[in-house]
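Work through the exercises below with the sequence and the model in view. Each task is followed by a solution in steps.

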Amino acid sequence: MNTESEAHISYLKQVAEQGQKAPLQGGEHGVIWGGMYMISALYAYALLSGYIQLEPWTLGLAFVIPIPAGVVITRYFAKNAGGLSFGNKTAAAAWNAVGIIIWVLYAPVIAAKALGLLTLSATCVLGALQVTIFALYAVAYATTAQVSQDRQQYLFAGTAVAASLGSIFAIGTLEIFLVMAAGIFFSAVIPGVLIMSKSWVKN
């Protein structure tokens, strides 16, 4: 085997090991975005159930405000240490794809609902989207687990699947917002905190 071939093999081994050696990053996104939308879901349930008496239009604000707020906060707080590792690159690609798909699904459906072009109730529309979104979470976590060799990511994939299944049974009811809050907590906030803590320990 010549020197050039050995160098190529050595490089490939190094790339393959990067996903295991570098801690996963991006937990801040789960904590920040997940935390805000968990609060939005709980607010929606409380408002629609009559536990709090505020104007109905505040419900829309509860789900719109986190968008610019999340962008600003994550840009300020999110760290990039270890972001160039193979595992982190793959995880980032998977989650970026999930984010894009969510926007592609949400934007036209919510716009159609606002314009009166969609006759289904808000809870039915939200429930249908929610089933898909949590399923996408599961795919992203499973992909991250395979590449990074972090078996804990499979557990998060399982909580996302459970949230997706729970959403099916809650479609059309106000409890869909409680399922959303619980699903986000166990599939975004908790994983985010654990990923951040691992990164701090290894750094």
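A polar contact is a pair of N or O atoms within 3.5 Å; within protein, one atom must be able to donate a hydrogen and the other to accept it, and residues adjacent in sequence count only if both atoms are side-chain atoms. The model is predicted: local features need pLDDT of at least 70, side-chain atom pairs count only at pLDDT 80 or more, and totals for chains, interfaces and linings use all residues. Residues are numbered from 1 along each chain as its sequence is written, and side-chain values use heavy atoms, with hydrogens and water left out.

**Exercise 1. Ser187**

Find the helix that holds Ser187, decide whether Ser187 is buried or exposed, and name the partner of its side chain in a polar contact.

Solution. Step one: Ser187 lies in helix α8, residues 175–202. Helices here are DSSP runs (H or I, at least four residues), strands are runs of E (at least two), and both are numbered from the N terminus. Step two: the relative accessible area of Ser187 is 1%, so this residue is buried. Buried means under 20% relative accessible area, exposed over 50%, and partly exposed in between (1.4 Å probe, protein chains only). Step three: the side chain of Ser187 makes a polar contact of 3.1 Å with that of Thr159. Step four: contact means heavy atoms within 4.5 Å. Not counting residues up to four places away in sequence, Ser187 touches Thr159 along with Tyr137, Tyr141, Phe156 and Ala160.

**Exercise 2. Helix α2**

State how far helix α2 reaches from its first C-alpha to its last, and say how many of its residues are buried.

Solution. Step one: α2 covers residues 27–48, 22 residues in total, and reaches 31 Å. The expected span is 1.5 Å times one less than the number of residues; for α2 that is 32 Å, and the reach is close to it. Step two: 16 of the 22 residues are buried, which leaves α2 mostly covered. Step three: after α2 comes Gly50, with a positive phi near 85°.

**Exercise 3. Three residues of α2**

For Ile32, Ser40 and Leu47, which are the relative accessible areas?

Solution. Step one: Ile32, in α2, is buried because its relative accessible area is 15%. Its C-alpha is 8.7 Å from that of Gly192, although 160 residues separate the two in sequence. Step two: Ser40, also in α2, is buried at 5%. Beyond its neighbours within four places, Ser40 is in contact with Ala62, Phe63 and Pro66. Step three: Leu47 belongs to α2 and counts as buried at 10%. With the same neighbours left aside, Leu47 is in contact with residues including Ile52, Pro56 and Leu59. The C-alpha atoms of Leu47 and Leu59 are 7.6 Å apart, with the two residues twelve places apart along the chain.

**Exercise 4. The whole protein**

How many helices and strands does the protein have, and what share of its residues is buried?

Solution. Step one: the protein has eight helices and zero strands. Step two: 38% of its 203 residues count as buried. Step three: among contacts between residues at least 6 apart in sequence, 74% join residues at least 24 apart.
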